[in-house]
Amino acid sequence: MIALLKTLQVILALSVLIIFHEFGHYFWARVFGIRVEKFFLFFDVGGFKLFSFKIGETEYGMGWLPLGGYCKIAGMVDESLDTEQLKHAPEPWEFRSKPAWQRLLVMSGGVLNNFILAIGLFVAILAIWGKNYIPNDNPVYVNELGYDMGFRTGDRILLYDDYAPQEFMDLQSDLARRRVRKATVLRGADTLDIYIDQALIGDVLNTPGMFDIALPFYVDSVMATSPNSALLKGDRIVGVSGEDTPYLQDAQKVLRAHPGEALQVTVIRGGESVDVPVQVDSLGMLGVFFVNTYLKHREYTVLEAVPAGCSWAWESVTGYLRDLRLVATPSTGAYKSVGSFVAIGQVFPSSWNWHQFMYILALLSIMLGVMNLLPIPALDGGHIVFCLYEMITGRKPSDKFLLVAQWIGMILLLLLMFVAFGNDIMRLIR
């Protein structure tokens, strides 16, 4: 059931992204009087389609292969590689007969729509739910990779080179994206520098949970079905079965090692240390809710959400550009983090949640927009480069050149898909 729900979320998200993206091309084509022959969600490979209908000169429909979609614009060399129209003189309603600046807007329309969609989603999220965040003035809890790099649980990260991170949840991504060479941390009362091995940057991208928040284990309430009613609101668990557990993660490790057992936990209650008998369930948990004392929340009015949503979108664009730079640098090993639809499915929640769905959709829209700006001929970015070249030099690339470039671009994209699916398969095997 979970796999089905995730699959449906992926299909819905891709459908929304494709329709918004392709409508950007469609809109500007129609503005300039360019004929749009087909507007399809998913690909009708081999001519097979789930349904279609025609309004005016345009056929609208849904193909059977859910790997994208397309807007077939008359007189344009695109992924269909249809060269039939190129054998005839350009018609006034064809893409190739229009001036370069109009063709530039047509090709930029999809990317523009992706960014507009992301901004709109971010604004809606902030206006409806506000934003939870953790300021970066709290201690980290490190995993094995973080320990090997020189960080220690309890460190407070002050600087990455000369950059001061603002949000705790961005610490791991900022470390990789900025290819940090020196981290300055506060350890106890001492300030010290940690020099980062650049060969581990790829591992930072591929190892989730390198920096968790070192959270004190404060009890908020006990579940009605839990036998541990002896624990009280405000208790801080600092020891389990004789082992010191200064943080929530420490207590979780010990509890999971004793599923179904009766233990004693040491709590700080009213300034005193008290031992409390508890029963651990079969999953290694106590059946209590804990308090995240570091979590902050901010509400936004609609007017406040608009500039904040634009800023959030811009931060996402710059962050994804840094990700691409890492992927394009083989020495970082970041290419191992590239994934296909399988990887995308993993980021969706196991139950329906509008907040999370809209957030993931906004990020995917940013990713699709940025990816399409890459100067690869089969992508919008390649066509944009050719239009800019024509506008600057006054020379238009020949149809033969555009066709060859399209083939090269499609081969590059197929290689990228091969890497993405290969990475997903290896992750599933591991």
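**Exercises on a predicted model**

The count of disulfides in this structure, a predicted model, comes to zero.

**Exercise 1.** Determine how far cysteine 71 lies from the nearest cysteine sulfur, and state whether cysteine 71 is buried or exposed.

*Solution.* Step 1: the nearest cysteine sulfur belongs to cysteine 387 and is 15 Å away. Step 2: a disulfide requires sulfur atoms within 2.5 Å; cysteine 71 is accordingly in no disulfide. Step 3: cysteine 71 has 7% relative accessibility and counts as buried. By contrast, cysteine 310 is partly exposed, at a relative accessible area of 36%.

**Exercise 2.** Establish how strand 8 pairs with strand 7 and with strand 9.

*Solution.* Step 1: strand 7 (residues 156–160) and strand 8 (residues 182–187) run antiparallel and are joined by four bridges. Tyrosine 160 has alanine 183 of strand 8 as its bridge partner. Step 2: strand 8 also pairs with strand 9 (residues 190–195), in the antiparallel sense, over six bridges. Here lysine 182 is partnered by tyrosine 195 in strand 9. Step 3: strands 8 and 9 form a hairpin with two residues between them. Glycine 188, in the turn, has a positive phi of about 65°.

**Exercise 3.** Compare the span of helix 7 with the expected value, and identify what its buried residues pack against.

*Solution.* Step 1: helix 7 (residues 302–327) has 26 residues and reaches 37 Å from its first C-alpha to its last. This is close to the 38 Å expected at 1.5 Å a residue. Step 2: its buried residues include Ala305, Gly309, Trp312 and Ser316. Step 3: the buried residues of helix 7 pack against helix 2 (100–129), strand 5 (131–133), helix 4 (171–177), helix 5 (201–206) and helix 9 (354–372).

Technical notes: Residues are numbered from 1 along each chain as its sequence is written. This is a predicted model: local features need pLDDT of at least 70, side-chain atom pairs count only at pLDDT 80 or more; totals for chains, interfaces and linings use all residues. Side-chain values use heavy atoms; hydrogens and water are left out. The expected span of a helix is 1.5 Å times one less than its number of residues. Buried means under 20% relative accessible area, exposed over 50%, partly exposed in between (1.4 Å probe, protein chains only). Contact means heavy atoms within 4.5 Å. Two strands pair if DSSP finds at least two bridges between them.
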